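Please open the model in your viewer and keep the selection panel at hand. The tour moves from one selection to the next and says what to look for at each stop.

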Amino acid sequence: MESWKEERTRSIEDNEMNLPGIAAAYTSILRGLGEDPLRQGLLKTPRRAATAMQFFTKGYQEKISDVLNNAIFDEDHDEMVIVKDIDMFSMCEHHLVPFIGKVHIGYLPNKRVVGLSKLARIVEIYSRRLQVQERLTKQIAVAITESLQPSGVGVVIEASHMCMVMRGVQKMNSKTVTSTMLGVFREDPKTREEFLKLIKD
Amino acid sequence: MEYQKAAAEMNRVCNGNIVAEYNCHNGFSEQAMIESKKAAVQNKHEKSRKESEDESKLPALEAAYNTILKGLGENTDRQGLLLTPRRAAKAMQFLTKGYHETIYDILNDAIFDEDHDEMVMVKDIDMFSLCEHHLVPFFGKVHIGYLPNKRVVGLSKLARIVEIFSRRLQVQERLTKQIALAITEALNPAGVAVVIEAAHMCMVMRGVQKMNSRTITSTMLGVFREDPKTREEFLSLVRS
């Protein structure tokens with residue numbers, strides 16, 4: 001379990017250096033699938049696909065501390081704060097196919113609150129990686145816990161996995177829901193209930 | 001003729017092969033149009049990928065995916081990623097399995113002579129395809145309508161036609177046209193209409209990042225193109 005102080009594993013220079021190699025890999029994938037990489041629509045596809053893939057994994061370039069350092073405020077507030085319906089796009093690490101959904105985050109501050117968009121930025125950092133939905137949920141919750149030391153954190157993710165929808169079992173309407181409850185959200189059923197009720201439409 | 005012109009435009013890039021004449025190997029050859037009343041079985045059509053070759057292509061695809069994972073800065077020895085190159089390669093082959101199949105394979109037996117000349121519509125056909133520019137999915141719904149001319153087709157075959165053309169590296173405009181032309185060439189109906197409404201992940205997950213945008217394309221052939229009332233009937237039935 002990475003802490004929020006984790007090391008960056010990738011830099012922008014790394015991206016530029018690796019781009020040709022990734023693009024070449026995509027060219028051989030196109031050939032392997034029976035397509036003609038020289039036709040007009042596919043000419044620049046290896047490069048576009050490589051850049052797109054680097055974008056989908058840009059979470060590896062960022063650290064929580066970069067995003068949060070200046071936006072933690074001392075506030076005498078001890079009621080629940082919820083940011084819900086945060087659109088999330090991630091890549092399944094097993095099939096390299098997207099899974100997309102919504103993240104709902106709630107926390108009970110303990111004298112320190114965080115800028116609201118920073119919660120969405122934490123979601124971005126961890127979701128733009130090769131992920132497993134369970135791990136993503138936990139990483140978001142742990143990052144908030146370690147940076148704010150709140151009384152409790154609750155994170156719920158509801159997502160649709162293209163690897164299940166577009167291939168394999170092909171169940172169009174299935175959704176996967178995962179949650180992580182820490183602190184009072186785990187210990188006190190009433191707090192948890194309030195959170196879960198508020199995030200339902 | 002309307003169909004030949006439309007087909008000729010489309011056939012310049014037919015399934016990855018640049019063809020000079022109207023001889024699209026994964027649709028119908030010119031002969032078939034003329035001889036469409038004869039059994040279609042006799043015509044042989046090349047597929048750009050044979051299903052039997054998939055196994056042999058797998059190692060090359062796996063190696064490519066391994067390179068990609070390393071290039072992205074990931075650790076390919078960690079548990080979650082150990083078998084990912086193989087899974088991703090197989091997934092990609094599945095998502096492009098349309099290259100295996102031709103219309104003839106699926107339509108041969110399901111065209112029936114029926115004295116029906118009212119509109120037939122199959123709508124809300126779920127469609128999943130891959131954008132050929134970014135190799136990222138786009139998905140949505142296809143609505144198909146046609147006016148039979150003494151020949152009707154099995155309804156699920158319309159959905160199968162969508163599958164064949166959508167499980168490829170595609171551009172939404174071309175996909176719409178290929179579906180419409182395939183139905184035209186198989187049935188010779190009085191008219192065909194195809195409308196596709198899709199969300200493109202290349203626009204939603206990256207680039208401009210507009211979550212709720214939808215792209216709509218349509219192809220109207222025959223009476224659907226010429227007669228505004230027919231087109232209107234189709235479009236209002238799609239909306240309802």
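Two strands are taken as paired here if DSSP finds at least two bridges between them, and the model to which this is applied is a predicted one.

Begin with chain B and select strand E5 (residues 137–147) together with strand E8 (residues 191–200); these two strands of chain B run antiparallel and are joined by 10 bridges. To see one of these pairings, pick Ile144(B), whose bridge partner in E8(B) is Val194(B). Now widen the selection to the five strands of chain B that form an open sheet of mixed pairing, following the order E7-E4-E5-E8-E9. At its edges lie strand E7 (169–170) and strand E9 (215–222) of chain B, each of which pairs on one side only.

Turn next to chain A, where residues 23–199 are the range that UniProt, in an unreviewed entry, lists as "domain: GTP cyclohydrolase I". Over residues 23–199 of chain A, helix accounts for 42% and strand for 28%, while the C-alpha atoms at the two ends are 42 Å apart.

Within chain A, select the open sheet whose five strands follow the order E5-E2-E3-E6-E7, again with mixed pairing. Strand E5 (130–131) and strand E7 (176–183) of chain A each have a single partner strand, so one side of each is left without a neighbour in the sheet. Strand E2 (residues 81–92) and strand E3 (residues 98–108) of chain A are paired in the antiparallel sense over nine bridges, and Met88(A) has Gly101(A) as its bridge partner in E3(A).

Finally, show both chains and select the residues where they meet: 47 residues of chain B are in contact with 46 residues of chain A. The area buried between chain B and chain A is about 4200 Å², with carbon and sulfur atoms giving 71% of that area. Label Ile68(B), Leu72(B) and Met205(B), which supply 17% of the area that chain B buries against chain A, more than any other three residues.

For the polar side of this interface, look at the 14 residue pairs in polar contact between chain B and chain A, and at the two salt bridges counted between the chains. Among the salt bridges is that of Glu93(A) with Arg78(B), in which the closest N and O atoms are 2.8 Å apart. On the side of chain B that touches chain A, at least two residues each come from helix H3 (54–71), helix H4 (84–95), strand E4 (120–131), E5 and helix H8 (201–204) of chain B. Coloured by class, the residues of that side of chain B divide into 24 nonpolar, 13 polar and 10 charged.

Methods
Residues are numbered from 1 along each chain as its sequence is written. Chains are lettered from A and ligands numbered from 1 in the order in which they are written. This is a predicted model: local features need pLDDT of at least 70, side-chain atom pairs count only at pLDDT 80 or more; totals for chains, interfaces and linings use all residues. Side-chain values use heavy atoms; hydrogens and water are left out. UniProt positions are given in the numbering used here, feature names are shortened, and annotations may be inferred rather than shown by experiment. Helices (H or I, at least four residues) and strands (E, at least two) are DSSP runs, numbered from the N terminus. Contact means heavy atoms within 4.5 Å. Buried area is the accessible area (1.4 Å probe) that two parts lose on being put together, summed over both. A salt bridge is a side-chain nitrogen of Lys or Arg within 4 Å of a carboxyl oxygen of Asp or Glu. A polar contact is a pair of N or O atoms within 3.5 Å; within protein, one must be able to donate a hydrogen and the other to accept it, and residues adjacent in sequence count only if both atoms are side-chain atoms. Ala, Val, Leu, Ile, Met, Phe, Trp, Tyr, Cys and Pro count as nonpolar, Asp, Glu, Lys and Arg as charged, and the others, Gly among them, as polar.
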